[in-house]
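Open your viewer and get ready to select a few pieces one after another. This short tour tells you what to pick next and what you will find there.

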Amino acid sequence: MSEIKDFTLNCPLPISDYPTVTLAHGGGGKLMHQLIERMILPAFQSPLLEARHDGAVFNLGGARLAFTTDSYVVHPLFFPGGDIGSLAINGTVNDLSMCGARPMYLSCGLILEEGLPMETLWAVVQSLKQSAEIAGVQLVTGDTKVVDRGKGDGVFINTAGVGVIEHGLVIAPSAVRAGDVVLLSGDIGRHGIAIMAMREGLEFESKIESDCAPLNHAVLALIEAGVNVHCLRDLTRGGLGTTLIEIAEATGLQITIEETAIPVRDDVAGACEVLGFDPLYLANEGRMIAILPEAEAAKALDLLRRSPNTSGAVAIGRVTDGGGVVRLKSQIGTTRVLDMLSGEQLPRIC
Amino acid sequence: MKYSSEYRDAKAAQTLSQEIHRITTRPWTLMEICGGQTHAIVKFGLDELLPKQIELVHGPGCPVCVTPLELIDKAVQIAARPEVIFCSFGDMLRVPGSEVDLFGIKAKGGDVRILYTPLDCLKIAKENPTKQVVFFAVGFETTAPAHAMAVYQAKQQGIHNFSILVSHVLVPPAMEAILGSSANRVQGFLAAGHVCAIMGYEEYIPIAAKYKVPIVVTGFEPLDILQGIAMCVKQLEEGRYQVENQYTRAVPEGGNRAAQHYVKEVFQVVNRKWRGIGEIGHSGLGLRPEYSEFDAELRFEVSGYTAEESPLCISGLIMQGLKKPHECSAFGKQCTPEKPLGAPMVSNEGACAAYYRYRRAELASTGKV
């Protein structure tokens with residue numbers, strides 16, 4: 001095994017640990033963060049990029065805008081609770097929402113594999129259309145490319161989106177303060193298990209549906225009611241655990257959460273026990289955390305619970321001074337520090 | 001969740017903790033055999049609930065961790081062949097070989113697949129008659145029945161494009177190797193509940209008697225482990241050394257006879273090399289001669305290959321309970337879950353990975369790493 005060389009600015013190839021890209025580089029864990037920190041950020045140096053938010057926030061022509069992009073490469077294309085089309089709309093809508101923006105216009109790039117049944121493509125297009133209608137956004141520009149058979153996985157989609165920010169709040173990790181509470185918008189882990197179950201042919205007594213949903217209406221309800229939101233993050237690949245760790249590291253504050261307060265559906269918990277997964281690191285596509293002052297928590301919870309996609313909102317923990325770490329109070333009353341995973345969770349042997 | 005939340009009850013955990021405090025009068029060193037137990041101990045912080053006199057050392061019971069380097073290299077060599085579909089349990093993919101791991105082979109275009117049961121290989125073999133389907137048959141007594149069944153059925157059904165790369169190890173010989181070592185500190189064992197669910201616990205009775213150590217068959221939930229510790233400490237305090245069964249809801253004394261039958265039909269006891277420890281006599285399983293056509297080492301002619309471990313890695317000392325992961329000079333430095341030097345840093349159930357994941361921040365704050 002070759003010695004590990006730390007990256008220096010002179011290094012022509014900043015990722016020396018792996019000579020090729022592995023799946024773990026896209027898993028939302030440490031290897032992906034390394035890739036972003038060592039290769040992407042230095043290459044494109046920009047203060048907007050450095051903010052490392054779910055989207056870039058800037059002023060343009062007198063308006064404050066949020067701008068984001070995301071690519072969707074899911075297998076299978078259709079799964080319980082959603083499909084690649086609804087993911088592509090909701091993912092970008094949610095990234096804009098986490099900036100506190102009202103999502104307005106989306107672009108859509110379709111990369112299609114030769115041989116894809118036209119019927120499948122039509123179903124994806126219909127899903128894109130319906131999801132955009134539900135979220136209240138417009139698809140206004142797009143692109144289509146076809147690659148040789150075997151060079152794609154049916155359909156890849158990229159969407160980018162623009163939203164407008166109609167308030168003066170700074171919604172970012174930098175606004176988080178000691179004393180804030182952490183709200184979670186619903187049960188976690190369903191998307192990860194729904195995909196895994198389909199992909200691997202696992203069968204459970206009940207069908208586990210993805211939580212894929214747009215969060216813009218819930219976020220705008222908070223903002224329009226005047227709730228002083230400090231930070232919003234949607235929970236995607238790395239799950240609740242990774243998201244909280246990112247915020248703790250960015251703020252240098254400590255976040256303590258109660259394991260018993262985090263809703264995990266019984267069937268998801270059961271699947272996790274069988275596979276050796278931790279629900280804290282499972283992917284979600286319609287869940288977020290909101291960090292805000294304790295005095296506003298009751299009002300915010302009430303507003304979130306009235307919105308259909310955040311009706312299971314609960315308070316799971318609070319922010320205190322010091323540490324830059326996330327502590328979990330376990331159900332048996334002990335405490336441990338949460339760490340980021342390297343890549344995706346791997347099913348265990350026994 | 002039913003059948004799991006009952007075993008994670010905070011009040012019951014406190015009661016057991018108080019009981020252990022009450023009965024403990026002297027220092028005792030216990031070893032939990034199984035990596036699943038190590039994981040639960042660290043994940044739930046169970047050692048916080050124990051008196052200072054009780055030291056838990058982490059045993060060699062993680063199949064990913066004890067699979068020798070050369071077998072990983074053999075897996076990599078086989079998986080890289082264009083005609084091979086190489087199938088494995090998920091957590092073997094990231095175990096480092098001498099040069100590359102199985103994920104690396106996958107990234108270079110190898111057909112490497114994660115399966116949940118080796119029986120799926122038979123279907124893949126039938127669907128891909130021009131391919132060679134190989135399963136990485138790793139594990140203790142727990143996974144042996146499924147591997148045996150896959151080979152048995154392949155023979156019955158005449159599926160000739162299927163083989164297994166065997167690295168099976170057995171718990172009792174490893175316990176004897178630890179107890180027989182002059183450096184041994186282990187005074188009592190928590191035996192692995194799921195291994196006993198297959199094999200029963202009759203074979204532990206002579207070990208407990210010979211080495212005068214209590215052995216408690218223990219489950220994997222927090223309350224199981226605390227109760228197992230309480231039972232073990234009680235024996236030690238009373239000067240007893242018997243085999244007791246904490247995990248009665250899953251383990252009958254004789255184990256699962258049907259599973260044992262297929263294991264004996266397909267496998268025989270052989271000497272095995274353990275990563276970090278070395279060769280232990282009669283400590284593993286290999287295919288019987290009648291089933292040798294399903295042996296991937298023979299089919300792909302890799303049986304002569306050997307490889308040496310990284311000199312920095314002290315995984316052998318860790319798996320014998322002689323060192324704790326953070327006492328290794330490479331822990332968290334040259335060796336991390338992203339770039340592991342030794343297998344205990346790879347697996348979810350490896351002691352080093354468990355310490356890295358759950359303890360690193362605390363160890364760092366106390367200056368221990």
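## Stop 1: a sheet in chain A

Select strand E5 (residues 102-113) and strand E7 (residues 155-164) of chain A: these two pair in the antiparallel sense over ten bridges. Keep in mind that you are looking at a predicted model. In general, strands of a sheet pair through backbone hydrogen bonds, either parallel or antiparallel. Which residue of E7(A) stands opposite A:Cys108? Click on A:Thr159 and you have found the partner of A:Cys108.

Now widen the selection to the sheet around this pair. Five strands of chain A form an open sheet, in the order E1-E2-E7-E5-E6, and the pairing is mixed. At the edges sit strand E1 (56-60) and strand E6 (138-147) of chain A, each of which pairs on one side only. Turn the view to follow the twist, which averages 20° from one strand to the next.

Next, add helix H4 (residues 118-135) of chain A. H4 lies across E5, E6 and E7 of chain A, and runs at about 175° to E5(A).

## Stop 2: a cis peptide bond

Go to the loop between strand E2 (63-72) and strand E3 (78-79) of chain A, where you will find A:Pro76. Most residues other than glycine have a negative phi, and most peptide bonds are trans. Here, though, the bond joining A:His75 and A:Pro76 is a cis peptide bond, with omega about 0°.

## Stop 3: two helices crossing in chain A

Select helix H5 (residues 190-200) and helix H8 (residues 266-275) of chain A. The axes of H5 and H8 are 10 Å apart, and the helices pack at an angle of about 60°. H5(A) and H8(A) are therefore oblique to each other, and H5(A) passes H8(A) in a left-handed crossing. To see the contact, show A:Arg190, A:Ile193 and A:Met196 on H5(A), then A:Val268, A:Ala271, A:Cys272 and A:Leu275 on H8(A). Six of these contact residues are nonpolar, none is polar and one is charged.

## Stop 4: another crossing, in chain B

Move to chain B and pick helix H7 (residues 144-157) and helix H12 (residues 257-266), whose axes come within 8 Å and cross at roughly 60°. That angle makes H7(B) oblique to H12(B). Is the crossing left-handed or right-handed? H7(B) passes H12(B) in a left-handed crossing. Among the residues making the contact are B:Ala148 and B:Tyr152 of H7(B) and B:Tyr262 and B:Val263 of H12(B). The full set divides into ten nonpolar, no polar and one charged.

## Stop 5: a buried helix

Stay in chain B and select helix H2 (residues 35-43). Why can H2(B) be called largely enclosed by the rest of the structure? Nine of its nine residues are buried, so the description fits. The buried residues include B:Gly35, B:His39 and B:Lys43. Just after H2(B), look for B:Gly45, whose phi is positive, near 60°.

## Stop 6: two positive phi values

Finish with two residues other than glycine that have a positive phi: B:Lys212, near 55°, and B:His282, near 50°. B:Lys212 lies in the loop between helix H10 (205-211) and strand E8 (215-218) of chain B, while B:His282 is in strand E11 (residues 278-287) of chain B. Are they buried or exposed? B:Lys212 is exposed, with a relative accessible area of 53%, and B:His282 is exposed too, with 58%.

Methods:
Residues numbered from 1 in each chain as written. Chains lettered and ligands numbered in written order. Predicted model: local features only at pLDDT ≥ 70, side-chain atom pairs only at ≥ 80, totals over all residues. Heavy atoms only, no water. Axes fitted to C-alpha atoms, helices over the stretch in contact; angles between N-to-C directions. Helix = DSSP H or I, 4+ residues; strand = E, 2+ residues; numbered from the N terminus. Parallel < 35°, antiparallel > 145°, perpendicular 65-115°, else oblique. Left-handed = near helix turned anticlockwise from the far one by under 90°. Contact = heavy atoms within 4.5 Å. Nonpolar A, V, L, I, M, F, W, Y, C, P; charged D, E, K, R; others polar. Pairing = 2+ DSSP bridges. Buried < 20%, exposed > 50% of the residue type's maximum accessible area, 1.4 Å probe, protein only.
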